[in-house]
Structures are given as C-alpha cells and as structure tokens.
There are 2 protein chains.
Amino acid sequence: MGQLKLNDFSITAIDPKQSDYLESIFYHGNGYMGARGFACEDTSIRPHQKGIYMAGMFDFLKDGITDMVNTPDFLGLRVLFGNGDKENGSFTISDFSQSLDLHDGVFSREYLMQGGDQTLHVRISRFFSLHDVHVVGVRLEITPTNFSGLVSCIASIDTISCNLPVNDDQVKKNNQCVNYMDILFKTPLEKGCLAVLETKSTKIGLAEAFAIQCSSNISHTSTYYSDSDGRISRIDTFNVHKGETYCIDKLISVFTSRDIDKPLIKNYTIEKLNACCEKGYERLLEENRSEWKNRWETADIEISGDPKAQCGVRYNIFQLICNNSQDDDHVSIGARGLTHPRYKGCYFWDTEIFMLPFFIHTNPTAAKNLLKYRYNSLPSAREHSRRMNTSGARFPWMTSFDGSEQCESWDTGACEMHITCDVAYAFDHYIRVSGDLSFLYDYAAEVYIETARFWASRFTYDPDKDRYNLLFTKGPDEYCGVTHNNTYTIYLSIYNFQLALLTTEHMKKACPACLDELYRKIGFDSDEIEKWLDIIKKTEINYDDSKKLFIEDDTFMLLEPLKISDYKKDNTPLYHQICFDRLQRYRVLKQADVILLMTLFPSHFTDEQKNAAWEFYEPLTLHDSTLSFGTHALLGAQINKMDKAWDYLTKSLYLDLDNIMGNTGSEGLHVASLGATWQAVILGFAGVSFSNGVIDVNPRLPETWDHLKFTLLIQGKKVSFSINKDNWDMKILE
Amino acid sequence: MGQLKLNDFSITAIDPKQSDYLESIFYHGNGYMGARGFACEDTSIRPHQKGIYMAGMFDFLKDGITDMVNTPDFLGLRVLFGNGDKENGSFTISDFSQSLDLHDGVFSREYLMQGGDQTLHVRISRFFSLHDVHVVGVRLEITPTNFSGLVSCIASIDTISCNLPVNDDQVKKNNQCVNYMDILFKTPLEKGCLAVLETKSTKIGLAEAFAIQCSSNISHTSTYYSDSDGRISRIDTFNVHKGETYCIDKLISVFTSRDIDKPLIKNYTIEKLNACCEKGYERLLEENRSEWKNRWETADIEISGDPKAQCGVRYNIFQLICNNSQDDDHVSIGARGLTHPRYKGCYFWDTEIFMLPFFIHTNPTAAKNLLKYRYNSLPSAREHSRRMNTSGARFPWMTSFDGSEQCESWDTGACEMHITCDVAYAFDHYIRVSGDLSFLYDYAAEVYIETARFWASRFTYDPDKDRYNLLFTKGPDEYCGVTHNNTYTIYLSIYNFQLALLTTEHMKKACPACLDELYRKIGFDSDEIEKWLDIIKKTEINYDDSKKLFIEDDTFMLLEPLKISDYKKDNTPLYHQICFDRLQRYRVLKQADVILLMTLFPSHFTDEQKNAAWEFYEPLTLHDSTLSFGTHALLGAQINKMDKAWDYLTKSLYLDLDNIMGNTGSEGLHVASLGATWQAVILGFAGVSFSNGVIDVNPRLPETWDHLKFTLLIQGKKVSFSINKDNWDMKILE
C-alpha cells in the first residue's frame, strides 16, 4: 500500500516555510473528524494552526453565514526530561522523519530529543479509527538511548481553539482569529481529562475525553493534573532505564450533540472512553486496520510499473475516504474536506460532479448519504428558490449544515445555478450505476420534479423568436462572466427536465400510488409538465454545425483572444495578475466547461464533436481551477490525446503532493481533484464505461503502466477489472 | 424665505417613530460640517443617534474600506430645575414646536418644561455659521413663567461618538456600533471646555471647544466642571426671576487636521473661540445671516402661486448648500451628504450628474472644487484602472477621501463604469457654461485624455463584424443586469473620446506648450488617438430606426414583460419584494437610463426620438431609485408631457419632506434628488437651455405657478430670469 514519507515528492526536510503544506498533505481522519498533520507534541504552534475539523460542525461567523469550526485540540501528548514540574530547559530535535501509512491512516513522527547530555528516541503515532469514528488513539514510544532517570509526559486537551478566516472574494484580507466555542466545563478524570464545550451560536455540544495507559515496564513516580492557559492536562513522571522502550498511550473519545442528545454527550464520551481503556491501544488499532483493509478491498487501484503513480493514486483514494463521513446524511464533503477551513468548509457542486463517482462505485452507502444530504436540504433549496423569486427547489452555490446559501458574492452565488442540475445529474448517476429504484422513488423523484420546477421558472421566453433563453448565468468556466445561454447549464437543465419526465412516466406505471403521494406532498399539478416540454422543444444549444463545435455561451465568440504564454508562466492562476473584469473579456477558460459536459454524457457526443471541442477549447483553457486537470485527463484519454492526457493526469494526480497550485498549504487538499483523478484513471485510462446496462472497457494505459487492477460496484455487483496494455479481463465477484 | 415647521408636510407631533425622519429633514449645516436635527438637550439619545458629520472625515472600517465618522457631539446644552448637583427629578414637556429657518439655517426648538409646580419656557436655537465654517452657535433662552428660584444649565462635549454601520449590499444586516475616535485629551477652559481627538486609523485630528456667555440680567450662584461618562461639562447655576427671559449662549469652534497641521489644531480652536467670545452670539449670527443672504441672492428660485412648492424648492436649494463644503477641493458630496452615514458617506456619480448643475449655475467656486476633487483623485483613478487591467484613469464607483474604490459588490463596482464618462461630461458641462478655459487647460484636459485612454482599453474589438463592443457593463438602470453595449454608457464614452479629441485639437492651436507639457506629464503619445477614432467609427448604438427608439442595451428586448401594477403598490422599491436576479429578467427599469441620456444632451436628439423613448420606457420605469423622478420631470416638461412631468416633480420636490421612499429617516436626505429637482425646475419647467453660446427659454409652467424668478451664472455673467406663463424676460445683471 505504501507510506507517504517526507522524502517523497521533493520534501527533504521540515522547512518552516513548508509547514502549512506538510500539515495539509499529512491530513488524516475518518471523515467524522480529522486532523491536519500538525505536531501534537509542539506547544509553540498557535491554536488556529492546530486544525481538527469535524463533519457538520459549523457555527455562525455572522448573520446567516457559517464557518467550519476548528475544534479544541485533544491530541496533545509530549515528553519532557525531568520531573515535569517545570519545562526542563531547552532541547533540540534531530534525525526527524514523518510518515503517513496509507494502509491504516497512522500518522507517525520519529526523532531524537537531545536535552543536555540526555538523548531520548521518540516516536509518536496517532490514528482516527475508521472502525469507530468516535475513537482516536495516540501512542508515544520513548527510548532513553544514553541515560536512566526521570522523564515526564504531558497529555492535554487545549480548549482554546480558533479559526483564521480566509475570505472568499479574493479582494479583502482578514486576519482576525475567531473563537467559536464556549467551554461548558472541564475536569480531570481518573486516568485523564474531560472537556465539554458548545459552539457559540449553533449550540452544538462537543465532549472530548482522554485516558492515559502505559506499558507494563513503566515505573510511575508521580501523577498530577493542571489547568492553565485553557489547557487541561495530566502530567505523569516516570523512572526510565537506558535502552528500554516505553509506551504511553492516549486513548480519546469524542461525541457531539449532532450524534446524540446534548445532555447525553458527556456520558457517552466517558462510556466510550472506558470501553477504549478495556480494549487498549493495540486492539483499537487492530480494529481500525481491519476496517481500512475492508475499505481498500473495494477502493484500491493497483498500478504495476509506476510506483510514483501507484502511491499518488492511493493517496487520492485514501484522502477521499478520510474526508467522507459515510454514515451521516446531513453532511457533504467541503471543497477542502476537513483538511482546511478554506471556503468556510462549504459544500459545492464539487461533491456531486467530481467526488461522487468514486463513492458510487466503491461505497454506495456513502454515495447515498451524500445525496441524502441534498434531499434533506430540499426545504432550504425551496426557500432559496423562493428568495430568488423562482419556483421549486434551487440548490444554493455554497452550503453548510442547513443547506442555506453561504455564498456572498453575486456573480457566483446568484449566477452559477448549474449546481441545481448537477445535483439532479448526480442522483441519476447513482441510480443508473446502482439500479436502486427505491432510492429513485423515495428521494430522487422529488428532487427531479422540484428542480425541474425551478428551471421552468428560470428560463425566459422570447416571443419574437419563439424560443427560450437562459439569461444571466455563469457556467463552470468562471472566467466567462455573467452571460446568456451557457451550453453546459442548458444541456444539464434540459436533462434535468427529462429526468423529471421519465421518472414521472416510469412511476405512473411502476408505482402510481407513490407518484400520487409525491404529487400531493409537493403540491404538484401535472399540467406543469406542458411548460417543461415547451422549454425542451424551444431551447437552442449554441452549436456551430459547420465546425461540429458546441459554443460555450452567447458571448464567448465576441471575446478578445489572449496570447496565454505571455502571461501564464506556471500553474499560478491568472486571476492573481489579471482581475476578473479583464479576464472575462478574454477568450480564455478558467476550467473545463464544454469539455466537462462531454465527460458527463460520454455517449451523447460524437468523436468528431469531442475532437472539435478539444481542439478549440483545450488551447484556451488556463486550468486556473483545480477542477480542470482531471477533466482534461479524462476526455483526453477518451479521445486518444494520450500525451496531453498523461500531462493532465500527472497534474491532477500530484496536485497536492507536488503542490502544483502553490496553495495546498494555505488552503488544504483539493478534494474535488482527488475525485477527478479517480475518474480520469478509471473512465479515461482504464476506459471503463457503463451505458444502458452494458459495461465496456477500452483501455488506453500510459506507457509506463504495465497493468491496472481494481474493482467497481455496478448494479449491486462487485466487478473486478484486470487491465493490461493490450487486453483486459472483467470478473463479477459477488 | 419661509421656515420649515413641524406642521408642514403632514408632521403634526413629535412621534417617537418619526424621530429618525425628523432628524433627517431638520439636518442643517455649513457643508464643512452639519448636524442631524437631534435635540442637543436630550441626554437619553444614544451616541450613534447624535449625528454630526464633517466633510472628508473618514476612518477605515476595515482594510481599504472607509466609513464617514460620526464626530463627538459638541452641541449639548440643557437646563434643569434647581442647583444642578443632581438632576432634579422628572419634568414633562408640552407645547413643543420645532422649526428650521431657511433664511439663515437656524434650527430652533421651543417648549414648556414642567417640574413639580415650576414651569419654564424654553427656546433653544443653533446654527453652523456659513460665514466662518469653524463656528457654531447655540442659544438657550429661558423664561420662568410661574416661579423665581434656581435653575442650572449644563453645557458639554460628549466625546463618546459612534457609528451604526448600514450595509450596502442589501443582503446582510449588521448592528455593531463602531467607535472611530480616540480621545487625546480634554480639559475645562476658563469659560467652557476643550476636547482633542483623533480618528483611529486615518489619524485625522479634531479639536472642539466651547465657551458659555450669559445675558447681563443673569445672577450666577455657582459654576463647576465635571467629566463623567465621556462627557466633559460646565454646569452653571443661576437665580432667575419669574417672567424674565435669560439667554445662555454656547459658542463653539472646531478645527481638524484636514484644515491645518495637527499640532496647531488646539491653538487655532482656542484662538477662534476667543474671537467668537469677543464677537458674541448676536454678531456671529449676523455674520452667518449676511452670508446666507449673499448665497440666496444667486441661488433662490421664487415661485408665485404655490406656497408649498415654493417652500419645497427652497428646502431643496437650502440642503444643497448645507451639504457642500465649497472651499474644499478634496471632498465631494456623498449620496446622503452629511445628513446620514448611509453608503458610508461615499461619493458617487450623483454629484457630477445630478447636483453639479446647481453649483455650476449658482456657485462656480463650489462647482470647481467638486471637479477638482476628481482631478485630485486622478492618481487613485489611474491605480484603479491599473488594477482593473485597463489603461488611463477609471474613476471608481464609490469613493471617499482618497478616491479609491469603496464599492464591495461586483455587479455595481466593477460594472457601473459610466461614472468615468459622467465625470468627463461634468468637467465639460462646467466649462461649457462658465467658459473657463484655464480650467480646461489646467484640469479638464488631463481628465479627458486619461479617461479616454481608459475607454480605449475597455472596448473589445470583434473582427467578424468589424465593430467594437462594450462588454459586461451596467448602465444607470441598475435592474438591467450586467450586459453588453449599454446605450447610455456607450454614448457618454464616445462623447468622452470627443472631448479628449476636441481639447487636444484646441490646445494644439491655443497653447501648444501646455499640451506638450501635459503629454510629457502623463506619458501620452498622440498615436493613441488612432484607436479612439477607430472606436468612434466602429461602435454602434442600439437604435431601432423604424421606431426611432434607442434600445437600452443588447439584452433589454429579450426580457420578460411584467405587469407592474400587480407588484408596485406604492413608492417602496420593488427590490424589497423581488430579488435582483429576478428583476434583471423583467423588462422594467429601476430608474431613467435612455431618458437620462436625453436630458444630458437635449440638443442631440429629435423630439420624435425623445417621445419614442418616453412612450417606451416611462411605463416600464419603477423609479426604485430616487435619481429617477427628477429626470422624468425634466424630460417630461421638455417634451410637453405636463401632467406626468408635474407628478414626477412633486415626487422629486417633496421626496424627503413627504418621505416618499419611506427611508428618509433611516438613510438621510437624498441629495442627488435635491439637485435633480433643481434641474427639473430650471431646465424643464422654466425651460432654460444654453447651447453654443445661446440662451433660450421655453417655459412650461405648472398650472398653479403664476411666476418664476431666479438668476443663473452663465459665461461669468449673472443672468436674471423672470418667467410668466406666456412670456419671459431675461436680464444680464453683471
């Protein structure tokens, strides 16, 4: 499986300037919660740098606008020379190494501590259990290499957590730290400490407790508790002997009032902690490993011939899993997952279009819960549509726990309405692959009809030309300005109408009672369908038949050409040097738009059309969004532009590991790109397609790849694929 | 001249719910500073409600964004029964009346104070001197009607001032009070008090001092000073006799470090206060009256036959004067003047297009200084253009003291670029009327060329059609969305090119050395002119020749018709019930757009074109901006739609007095509408025009108006107009 080590991917030493970057790529978690790769033994880092995020844990930054809360650090565990009464002078660190084991999510740091003439070998590891998401284990292993004497170990919960807001509008800077949590109480326990807190305005309760267990060879001299600077700690002092290795384990349990009633979180946390203590670190780790093993069995992609790509692909998969709270149907995955509060932790179309295919094919429970998050937020989507003076349900551009609009900038929030048809597309994508008709009846049907109602109220009829226009929209290409008749959005919204039509037709036969009940529930009158049919009939797609070219929108061909090479020297987005008002007048794309459309409906477009789109748009695309590389790798592979496809794949694959955009440290992992990479490998290079019940494979392996092996869940079956350069094999496993 | 009294304009009593509204309409000041009509004797009102604003007094609300500072209240003066040691129990107020004298700007409140069985008649008046803008006078007149005994008088400076931010985006609410001022020191003086303060981040120093003078019939029993709750006060106790009237005068002087070097402001303030004490209240008031008399001599409009309109017109003129700091060339006039911090006190195109004509024709010094504000902010306009990746100078949409962009919302800030050609138009307007060629050479020429350079870089060439487009713009009609080829903006930007061209041609002959120097200064190469000529030649105006109709922009005819009467029931703007995303898809206008264009260039359009525009746009216009009524009154009168013109005039004329928009209280006076009203009366109903050196008059008086009399400054001459229904007379006075 491989470990991610410091010396992979050009990281040769802990450079302080790289610490943000390293913390991002060493993120690890179980999707319920997770931590950036910060040092739990380092007391010099400030609270906002100790990033521990939990799915759905939001608080209001201001009226109506939430932020993803950085929660109190329960990981703190460190060793000092001497009796721990005071911090015994200075020490230096050497022979440092750090690793993240992709098998089981164990993050480890190892080094020598030198204090005076005493040297201590330290290894500190931690994991967020994938088996029981409320459990975290931290293990400190120490070996005095040249002395015997006292050492002390301090284990704490640091209740002072805070967020460093990152503004979204890329215009104004804000450096104010925000503390979102009130401490309700904290107390020492028999073997550790407990803290109970609450978010200031959303009033989400959070209980964190830990207990200390030591290896049997240890001899305690003293134990005491302290509570200062917001840090509640247990301090143990030991007598240690030269050459021997000692283990100090910190077992942690966490509950929030999102899981259970608030008055119960304290007791649940303590009970869970007691259960952890009974099991001990080793068994907890074993349970975690076994769950990871299960997960990898379905999710893994084996690549022979290219160890770097192998590690990269697994890293992508690993992080998709670490950022998904698979059993929670009230959260989605933020643009940066739980790895960083960039975009205030909000959910975008990134989940539905870029990440979801991975879950659809490897973890249907997770996929369904991601979709149910949208279903559960239908009331907010209806309210948002009502506020925008349209009908039905319109999914907001950025959302958090309650599904309300979190985007504060007009040109994206009000105009990038394609997210609504993206959501409908995603429901259909899941159902097409899984064949899960009960999900169609119980959830998707309502989403299709309510979103179709929205679209019906958003198109504008032009009686002069007897056609409908979609005015004032912005497509996926965010450099296109606010314009009319964006092809991507029109195509998907028409598809959205068709999903609603086909589903009602289907249910009319298969379950007329369900349909009647649904119509009653949402007050739907089938007369509304006339308008849908009229829009489908009278909406034109911008298409140049002579060139077989789909045109991005009504304005695109009026824009001024730009010699991109004069400006774009590396992967830094051009909006850092050219403002949006200027960019929107250049005929350039921030990211795939028509090309993305073609990857969503691979069988709807001819090769000629795909080639025409590639030849026209690819040279104009700046890839200033991380959503772009993977999509280009995918379509590139599908139409046999293998050199380009490979270039794009390497950017997508190593996007964060190689810090391609230069912002992995300051913004966290680009989770959508992890998912886009998965799609490029499976649907592009492996060439798997699934259409009308038929699985087809058309492999186009990169030169260095000898062999590719993976499994996919299709129609409820686990299908194993084994792909060589010239042939392939497929086996239905169960 | 008339007084504005409480019982004019449906105000019958001081209703607490109306207090904001009354404070707005009773605003009074000298343009250097001014106060809302709050009660200086009322200690119950909170600091942010005691609005005293000073031109150019801005502080940073956050990085790069300023707010107009509410300055410490120096007006406080009140009377109490008894010795003033403590506030002597409760008292009641009756027989209250309040007035604002438009002759001289004196704001007075009069009432009976009842405490136990003692009754005191109180009259309190104040004025901001128009003669010496650093001087304020407050006079308290008291008459014990049924007792003899002790009364006390408390005079203070309340150094705790704060602002209540009003957000601009009409989406989010913010209720946080912000204090922008640090107190440097405060001290009692021989006869009063002094406070010296400083804005927190812009570090503008402010000194305020007062002295107390009493009428000779007064007999002092004690005087002492107190400093508590941020209020530094002088308390005088007097022995008063039944039936006698006593005067207590508070003389005030104010300087800021915007006027003189910061270390000097304290001494200047004290010296000015001493000079005031020598003169006394009566003489200071006389000086103020005499200056107001001068001002009214040029500015007044006499209307016979309609006393309400007479009062309304004078109120409009009065407030234009009270909000203009005529000698300061580093400030303009905010959208709400100094009457309210709405829009953070910022300056918009409102000044150039709506207010300036009044100043051009009645106070050229003020007009020149308003234009010099723009000239002085050319460095910021260049910087703004550079940030927007265009050339030359682009004037930002909202500005404050330094001319940098203060607008934070994309669709207005980045898209309403017409302000740049509005500024060029305004320079030309002043020069056309005044004939001031040195202003053309010294200031306007540079503005014309730099703004033309901006426009040259903002148009986009379409080689397919060999034409230029102005993409992604928003015209004056803010409901039109971000669209292409807005007719108003294109027409004025082409005019802007022509101003630059004609000026360079003119200077080449009249003063080639000046032109060379200017070219050198701004690094201008006359080759750039080729591009201007090309754009002028190859830019099309949206015009339907068959209907003689100018079309607002490229999108307007695609929009959906709206039955306005279903939604618009009164003057409340529709954006309170329909969001901008929906409004932009309706074929409705927020405010005049093509119609405004026609009022700016009355001789450029035929009557047929004006009528076509009126018939088409007037029924579609919602007048959800206060910039709209006056413009419609103006064009309506010019094309003889007298009934409509009169309706619009009454709305414009009484906009604030009758609280037509319902927000005069919460937002202050709509200063642009004051100026638009003036234009409607003079250029519309009186029908004065001035074109190519010829003054023409084409009166269309409203039915109730018998006679109209006013003077205008034209080509350096004072011209008096006397207009009856059927004839008119014009006299050149000097």
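Start by selecting helices α10 and α12 of chain A: α10(A) passes α12(A) in a left-handed crossing. The model is predicted. α10 covers residues 487–510 of chain A, and α12 covers residues 528–537 of chain A. Their axes come within 10 Å and cross at roughly 140°. That angle makes α10(A) oblique to α12(A), since only angles over 145 degrees count as roughly antiparallel.

Now show the side chains at this crossing. From α10(A), pick A:Ile494, A:Phe497, A:Ala500 and A:Leu501; they meet A:Ile529, A:Trp532, A:Ile535 and A:Ile536 of α12(A). By class, the residues of this contact are 8 nonpolar, with no polar and no charged ones. For reading the spacing of such positions, recall that an α-helix has 3.6 residues a turn, so residues three or four places apart point the same way.

Keep α10(A) selected and add α8(A), residues 418–434. Which way does α8(A) pass α10(A), left-handed or right-handed? The crossing is left-handed. Here the packing angle is about 50° and the axes lie 9 Å apart. The two helices are therefore oblique to each other.

To display this contact, select the following residues:

- on α8(A): A:His418, A:Cys421, A:Asp422, A:Ala424, A:Tyr425 and A:Asp428;
- on α10(A): A:Tyr488, A:Thr489, A:Leu492, A:Ser493, A:Tyr495, A:Asn496 and A:Leu499.

Coloured by class, the contact of α8(A) with α10(A) shows 7 nonpolar, 4 polar and 2 charged residues.

Next, stay in chain A and go to A:His623, in the loop between α15 (607–617) and α16 (629–638). Most residues other than glycine have a negative phi. A:His623 is not a glycine, yet its phi is positive, about 55°. Is A:His623 buried or exposed? A:His623 has 24 other C-beta atoms within 10 Å, so it is buried, the cut-off being 20 or more.

Switch to chain B and select B:Asn659, in the loop between α17 (642–653) and α18 (664–667). B:Asn659 is another residue other than glycine with a positive phi, near 50°. Its surroundings hold 19 other C-beta atoms within 10 Å, so B:Asn659 is partly exposed.

Still in chain B, select α11(B), residues 512–522. Of its 11 residues, the number buried is 1, so α11(B) lies largely in the open. Step past the end of the helix to B:Gly523, which follows α11(B) and has a positive phi near 60°.

Finally, show both chains together. A turn of 180° with a shift of 0.1 Å along the axis lays chain A on chain B with an RMSD of 0.1 Å. The two copies are thus related as by a two-fold rotation axis.

Then select the interface. How many residues does each chain bring to the contact? Chain A gives 30 residues and chain B gives 30 residues. On chain A, the elements α7 (410–413), β20 (460–462) and α13 (580–583) each supply at least two residues of the side that touches chain B. The largest share of that side, 3 residues, comes from β20(A). Colouring this side of chain A by class gives 11 nonpolar, 8 polar and 11 charged residues. Of the interface residues of chain A, 100% are also interface residues in chain B, so the copies meet through the same surface.

Conventions. Residues numbered from 1 in each chain as written. Chains lettered and ligands numbered in written order. Predicted model: local features only at pLDDT ≥ 70, side-chain atom pairs only at ≥ 80, totals over all residues. Axes fitted to C-alpha atoms, helices over the stretch in contact; angles between N-to-C directions. Helix = DSSP H or I, 4+ residues; strand = E, 2+ residues; numbered from the N terminus. Parallel < 35°, antiparallel > 145°, perpendicular 65-115°, else oblique. Left-handed = near helix turned anticlockwise from the far one by under 90°. Contact = placed C-beta atoms within 7 Å. Nonpolar A, V, L, I, M, F, W, Y, C, P; charged D, E, K, R; others polar. Buried ≥ 20, exposed ≤ 12 C-beta atoms within 10 Å, placed from the backbone. Least-squares fit on C-alpha atoms with pLDDT ≥ 70 in both.
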